[in-house]
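Please open the structure in your viewer and keep the selection panel at hand. The tour below proceeds by selections, each followed by a short account of what is there.

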Amino acid sequence: MPSFEPMLEVTLKNYPKKNAAHVSYGTAGFRMKWDDSLDYIVYRVGILAALRSQDKTAVIGVMITASHNPISDNGVKIVDPYGEMLEAHWEKFANKIINCSDEELAGVIQSIINESNINSSQTPQVYVGMDTRPSSKRLSAACLAGVETMGGKVADFGFVTTPQLHYMVWSYNSKSTHQPTMEGYYRKISDSFKRFLKLCKHTQSISAPVTIDGANGIGALKAGELQTYLGDSLSLKVVFDGTAGVLNDQCGADYVKSKQTSPVGLDTLAGERYASVDGDADRVVYYYKSKDDVFHLLDGDKLAILMTSYLKRLLNTSKMSDALALGLVQTAYANGASTDYITQQLDVPVACTKTGVKHLHHAALDYDIGVYFEANGHGTIVFSKSANNLIAEAASRADASTEEGVAVLKLHALSEIINQVVGDALSDIVVIEAILADENMSMEDWDKQYTDLPNVLTTVKVEDRSVIQTTNAERTVTNPEGLQAAIDNLVAQVSRGRSFVRPSGTENIVRVYAEAGTKDEANKLATGVVSLVKEMCN
Ligand code: NG1
Ligand code: ZN
């Protein structure tokens, strides 16, 4: 009998399979409305994470969260050794282990062991974290039971943001000098930020606070902890901190981005900076109110452009632009004006990938310094190993009395403030604050870099979203036949038109995106494309 079987017999009784419907591991792992059928899924994910740990001889992470989704949802996601999303081949194992019956479970575990040549004598090590949902604690317990079934050891980090858990896993496995502890995480961001500020002409500390909408979730809690490390170098004023409101309810990054308005109940003041994070703090958008009382959103595209344009300047001043290739990665949802600005005005190359941060992250690794962002605010900057080494080496001999030397030191500090492992709202905020301070830029200055084309993002319910198939990074429909030609025809009828449709990877809907030279044209285009989808896909 395989060594895990006696333990499996004991724990399986507490986590019997409850859901007959087939579930699959998507962009967000397993995510659904919470009911007690999620317990067995997370228990089995715990088993799988333990196997993955033995397979990679490394610490593996499990994060319990449903991100920006309502408080009634929950989900679970596996984090690979260097903080990446679970490898595609193992997503298949995930589907197999979750969808088999209780009776088949031992056999499926053994088949994964055999297929991956896993050495079962190693002790699995799994890091577990969760968001603040009421259902998260029992799911975390289910995960622990799964890991222990396989004889694994768990480090339970309790309430953490998704990027914090990714950081811990990366930090441990890569033997980073930045420790795999909460303190290590906060010190990495705050120490490098303080170092950065000392190099700036305009300011030694940023006196005006940035208001952070914590979506009534984990981001609020952790922004508060980060504040204690930042001291008076940067003031984070946290609102929607969970003491009164409901998670992601009329607040948070997803609400602000999709409704294009500030959170309900937040009294915004002209001239101040505001940022909203989502329920697991891996996404962030900024916004402000202009003197004429108008709300202005600075979404993931605006964050990406600010970071990219600033990096371009630093590379030029540090005379490192020949050695380090800079590039931006976006998806088709990026506003066309942002792409035009960065390619035409700044001459930085842009790649477009499919939706889902793992695709963006992967493409960003093609550059020495790759900035990637989804329009909804999920993104970061990644540096290749050789770029990190080159910058660290240059910083160690930089002359801080020259402009060139200061630029090298700033680049080095920025590469440490940013969470290179995964998109991270808290570290993104600190990077944005660093850049705004150094450039002495107001929100208006930042917003003026380029003007968004009016756009519409909407959804259509169809019977079977898989009838829509796409190519060209989701920008061209290949099925149903004729749909793309019909979209092209509508696009040609408006100025600066662009539109595409794709099946969502996380919900049973089709998303329609349209942009054009005027708001009326964007609306007209969206309405037309929605009708086409309804006609041709039902
Ligand atoms: P889907 O449902 O596949 O469009 C959504 C977001 C993605 C990403 C994932 C993961 C849009 C248009 N799509 O994907 O950007 O964040 O959820 O949560 O915002
Ligand atoms: Zn999220």
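The stops that follow go from a ligand and its surroundings to two sheets. Please keep in mind throughout that this is a predicted model.

**First stop: the ligand and its shell**

Begin by selecting ligand 1 together with the residues that surround it, namely His68, Tyr333, Thr355, Glu374, Asn376, Arg502, Ser504, Gly505, Thr506 and Arg511. If you colour this shell by residue class, you should find 1 nonpolar, 6 polar and 3 charged residues. Colouring by domain instead shows that domain 3 (300–424) and domain 4 (455–536) each supply at least three residues of the shell.

**Second stop: polar contacts of the ligand**

Now keep ligand 1 in view and select Asn376, where a polar atom of the side chain lies 2.9 Å from an oxygen atom of the ligand. Moving on to Gly505, look at the backbone, since one of its polar atoms is 2.6 Å from an oxygen atom of ligand 1. With Arg511, turn to the side chain, in which an N or O atom lies 2.6 Å from a ligand oxygen atom. How much of the accessible area of ligand 1 does the protein cover? Taken on its own, ligand 1 has 430 Å² of accessible area, and the protein covers 86% of this.

**Third stop: a sheet of four strands**

Next, select the open sheet whose 4 strands are arranged in the order β12-β11-β13-β14, with mixed pairing. At its edges you will find β12 (350–353) and β14 (379–383), each of which pairs on one side only. On average, and with direction ignored, neighbouring strands of this sheet are turned by 20 degrees against each other. For a closer view, select β11 (residues 326–331) along with β12, a pair that is parallel and held in register over 4 bridges. Within this pair, Leu328 has Val350 of β12 as its bridge partner.

**Fourth stop: a sheet of three strands**

Finally, select the open sheet made of 3 strands in the order β15-β19-β18, in which the pairing is antiparallel. Here the edge strands are β15 (455–460) and β18 (498–503), and each of them pairs on one side only. The average turn between neighbouring strands of this sheet, direction again ignored, is 15 degrees. Selecting β18 with β19 (residues 510–515) shows an antiparallel pair joined by 6 bridges, and in it Pro503 stands opposite Val510 of β19. As a general background to both sheets, strands pair through backbone hydrogen bonds, either parallel or antiparallel.

Key: Residues numbered from 1 in each chain as written. Chains lettered and ligands numbered in written order. Predicted model: local features only at pLDDT ≥ 70, side-chain atom pairs only at ≥ 80, totals over all residues. Heavy atoms only, no water. Near = heavy atom within 4 Å. Polar contact = N/O pair within 3.5 Å; in protein donor to acceptor, adjacent residues only side chain to side chain. Areas by Shrake-Rupley, 256 points an atom, 1.4 Å probe, with all protein chains shown as cover. Nonpolar A, V, L, I, M, F, W, Y, C, P; charged D, E, K, R; others polar. Domains from an automatic or database assignment. Pairing = 2+ DSSP bridges. Helix = DSSP H or I, 4+ residues; strand = E, 2+ residues; numbered from the N terminus. Axes fitted to C-alpha atoms, helices over the stretch in contact; angles between N-to-C directions.
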